[in-house]
Amino acid sequence: MRWPALLEQAVASTSRFTHVTILRVTESTQDAARRQSAGPGEVVVAGRQTLGRGRLGRTWSDTADAGVACTFVVVMECVERLAAAAAVASARALEVFTNEPVLLKWPNDLYIRSRKLGGILIEQSGGVALVGIGVNVAQTAFDAAIAHRAISLNMLGLKAQRIEVMCALIRTLDAALAESDDGLAEAFEQRNLLKGRTIVVSASGSEIRGKVVKLDPIRGLELATAEGRRLIPGAAATIVHDGGVTGA
Ligand code: BTN
């Protein structure tokens, strides 16, 4: 079976996704979803995404014919919770192939062996949320600027097909979005790359230093700081220092 049939089959097995648009080439699946005023239940996937973006205006490399780029249109809810659900869902989808945990670097990165395997971007548009997920699947190398910190399933010696990863994502995201906050918190903690690390986060114009306690999927990352416990929402936060987990 080819992409359309397999993707339609995956969507049909879920409770919330209803239709998939497959674009051979697009600049960003987020923009494509926005342009077609996609409503909740729509999924947009690209054979090749040329101008993808990440959080806070960062770029996401051209996926060529090697990466997965998907946007899931869902009913708007707490952005923190959507990000936690997308992270947990992505880890579970990829663990089908990796046989080892995919670690979650709050707020939006997927890591394995200290390198970035994928990323998540949540945007709001016209009353819906666009959950964008990018995964490195078949790349054999990366541009010099990111070569030291990026990895693909192929570079891990795994022969996963992009279509298999997309179908897995459709199913695991559907399930994670239905999960309780406690369930998401526990699944995130099992993979929390920063747990117990002392990190520095830039948020709301100030830098906060603290030891990572755990993720609250509604209120953000809990840090034990010199002034007491703080909860940092992920939406506008940047990690300035990650405690050395990725060599940063
Ligand atoms: C990040 O690492 O900052 C998030 C990267 C998110 C990339 C995905 S690929 C599919 C969707 N379309 C985009 O333009 N970005 C997201």
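Helix H1 (residues 3-12) and helix H4 lie with their axes within 9 Å of each other, crossing at roughly 20 degrees. In this predicted model, that angle falls under 35 degrees, so H1 and H4 count as roughly parallel. The handedness here is easy to state: H1 goes past H4 in a right-handed crossing.

H4, which covers residues 162-177, also pairs up with helix H3 (residues 79-98). For this pair the axes come within 8 Å, and the crossing angle is roughly 140 degrees. H3 and H4 are therefore oblique to each other, as roughly antiparallel would take an angle over 145 degrees. The crossing of H3 and H4 is again a right-handed one.

Turning to the ligand, its surroundings amount to 20 residues, and those that come nearest are Ser28, Gln49, Arg53, Arg55 and Lys116. Sorted by class, the shell holds ten polar residues, six nonpolar ones and four that are charged. Several secondary structure elements chip in with at least two shell residues each: helix H2 (29-35) plus the strands E3 (52-53), E5 (67-75), E8 (115-125) and E9 (128-136). E8 gives the largest share, with four residues.

A few side chains make polar contacts with the ligand. Glutamine 49, already named among the nearest residues, places a side-chain N or O atom 2.9 Å from a ligand nitrogen. Threonine 29 does something similar, with an N or O atom of its side chain 3.1 Å from a nitrogen atom of the ligand. Lysine 116, another of the nearest residues, has a polar side-chain atom 2.6 Å from a ligand oxygen. As for how much of the ligand stays uncovered, the ligand on its own exposes 410 Å², and the protein buries 98% of that area.

Two spots in the backbone deserve a second look. Most peptide bonds are trans, and most residues other than glycine have a negative phi. Tryptophan 106 and proline 107, however, are joined by a cis peptide bond, with omega at about 0 degrees. Proline 107 sits in the loop that runs between strand E6 (103-105) and strand E7 (109-112). The other spot is arginine 113, not a glycine, yet with a positive phi of about 45 degrees. Arginine 113 belongs to the loop between E7 and E8, and E8 is the strand that supplies four residues to the shell around the ligand.

Technical notes
Residues are numbered from 1 along each chain as its sequence is written. This is a predicted model: local features need pLDDT of at least 70, side-chain atom pairs count only at pLDDT 80 or more; totals for chains, interfaces and linings use all residues. Side-chain values use heavy atoms; hydrogens and water are left out. A residue is near a molecule or strand if one of its heavy atoms lies within 4 Å of it. A polar contact is a pair of N or O atoms within 3.5 Å; within protein, one must be able to donate a hydrogen and the other to accept it, and residues adjacent in sequence count only if both atoms are side-chain atoms. Accessible areas come from the Shrake-Rupley method with a 1.4 Å probe; for residues, only the protein chains shown count as cover. Ala, Val, Leu, Ile, Met, Phe, Trp, Tyr, Cys and Pro count as nonpolar, Asp, Glu, Lys and Arg as charged, and the others, Gly among them, as polar. Axes are lines fitted to C-alpha atoms, for helices over the stretch in contact, and angles run from 0 to 180 degrees between N-to-C directions. Angles under 35 degrees count as roughly parallel, over 145 as roughly antiparallel, 65 to 115 as roughly perpendicular and the rest as oblique. A crossing is left-handed if the near helix is turned anticlockwise from the far one by less than a right angle, and right-handed if clockwise.
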